[in-house]
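Student: I am new to this structure. Please take one part of it and go through that part closely.

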Amino acid sequence: MKLSDFDFDLPARLIATRPARPRSAARLLLAEHGCITDRIVTDLPAILRPGDRLVLNNTKVIPARLTGTRTRMSGQGEVSARIEVTLLEPVPGGEWLALAKPLRKLRLGETIVFSPGFAAAVRGIGAGQLRLAFSVSGTDFDAALAEAGAMPLPPYIAALRPPDEADKTDYQTIFARRSGAVAAPTASLHFDAPLLAALSARGVSFSEVTLHVGAGTFLPVKVEDVTTHRMHAEWGEVSAEAAAEINATRAAGGRIIPVGTTALRLIESAAVGGRVEPFSGNTDIFIYPGYGFRVTDALMTNFHLPRSTLLMLVSALMGQAQIREIYGHAVAQEYRFFSYGDASLLIPECR
């Protein structure tokens, strides 16, 4: 299975840099029974059945992108350098792993100042990452980060425009509750309160799980034989309540439909013998064609990058030939792609 099998041409004009307004006005490509139809997200209550269960990722994106200054003495006196930092994940002891640009301008022991009273000391450098110890912790850290940080937009958006105040709302789901992600579960960005109410009135149920999406979600696949690729690990949790809800829905004949690849990867990680068990810990599950889905009946997701693990995941669900057809249709009909783009609802024939 070659990386080139998951490539396609995408015109740059189809990369969305802002979401649809309102959120639920985004277009929805429905792939069901081998057919493709063009709908909108607000059609979901008419498409889904009473008894279906949507699985939502309630992770909350932190404003993980920081801009600061490093100052040191040189033969010419005090010199400063502008440093851009993207937080990746906390590590034991209260420190954070982070990316920095330019990394070469930092040394062990130096301090990066982000705002008055908010700074970080460089405790480690290695493998292209930093380990940072911040000057504040707990709720003071949360408040300082909220004030100084910006939303960590995906590279393909950040290359076209900088983050702004609108992104603090746009790049956050309305059911975000548990802080820790540095990327949004983007399929969930299409949901607003009226849509959730309409789905509930239709008899569709919801379960919340948590997967803190990491920056590794944007890392390119670098191996030609995709089966040798190793996924980054992300922390997730499926509560006993959520597991019981999912299992009860399956027992009653309802469909389990994760909203987003993050929710799908988590419940598949927690599934044992066709049942979802409570789960808490890291998952690095890699889903590509040939994978046998344990509890997933369908998937709502955005349109993914060429040659990405997420494109491999949807190919595993729908089959490579149908995904090529779906993506060809999406390009021809000028659907908007990636994090702020349109959505698809993928329902395999065999489920």
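Student: What percentage of the 351 residues in the protein is buried? After that, please look closely at the residue His190.

Tutor: This is a predicted model, in which local features need pLDDT of at least 70 and side-chain atom pairs count only at pLDDT 80 or more, while totals for chains, interfaces and linings use all residues. Residues are numbered from 1 along each chain as its sequence is written, and side-chain values use heavy atoms, with hydrogens and water left out.

Buried residues make up 52% of the 351. Here buried means under 20% relative accessible area, exposed means over 50%, and partly exposed is in between, with a 1.4 Å probe and protein chains only.

For the setting, the protein has nine helices and 19 strands. Helices (H or I, at least four residues) and strands (E, at least two) are DSSP runs, numbered from the N terminus. Among contacts between residues at least 6 apart in sequence, 70% join residues at least 24 apart; a contact means heavy atoms within 4.5 Å.

Now to His190, which sits in the loop between β11 (178–181) and α5 (193–202). Is His190 buried or exposed? His190 counts as buried because its relative accessibility is 5%.

The side chain of His190 has two partners to examine, each through a polar contact. Such a contact is a pair of N or O atoms within 3.5 Å; within protein, one must be able to donate a hydrogen and the other to accept it, and residues adjacent in sequence count only if both atoms are side-chain atoms. One partner is the side chain of Asn302, at 2.9 Å. The other is the backbone oxygen of Gly341, which the His190 side chain reaches at 3.3 Å.

The surroundings go beyond these two residues. Leaving aside neighbours within four places in sequence, His190 is in contact with Arg23, Ser24, Ala26, Val41, Leu195, Met300, Asn302, Gly341, Asp342 and Ala343.

Some of these names lead to another covered part, helix α8 (residues 309–318), in which ten of ten residues are buried. The buried residues of α8 pack against several elements, including β18 (299–302) and β19 (343–347). Met300 and Asn302 fall within the range of β18, and Ala343 within that of β19.

To sum up, His190 is a buried loop residue, with its side chain joined to Asn302 and to the backbone of Gly341.
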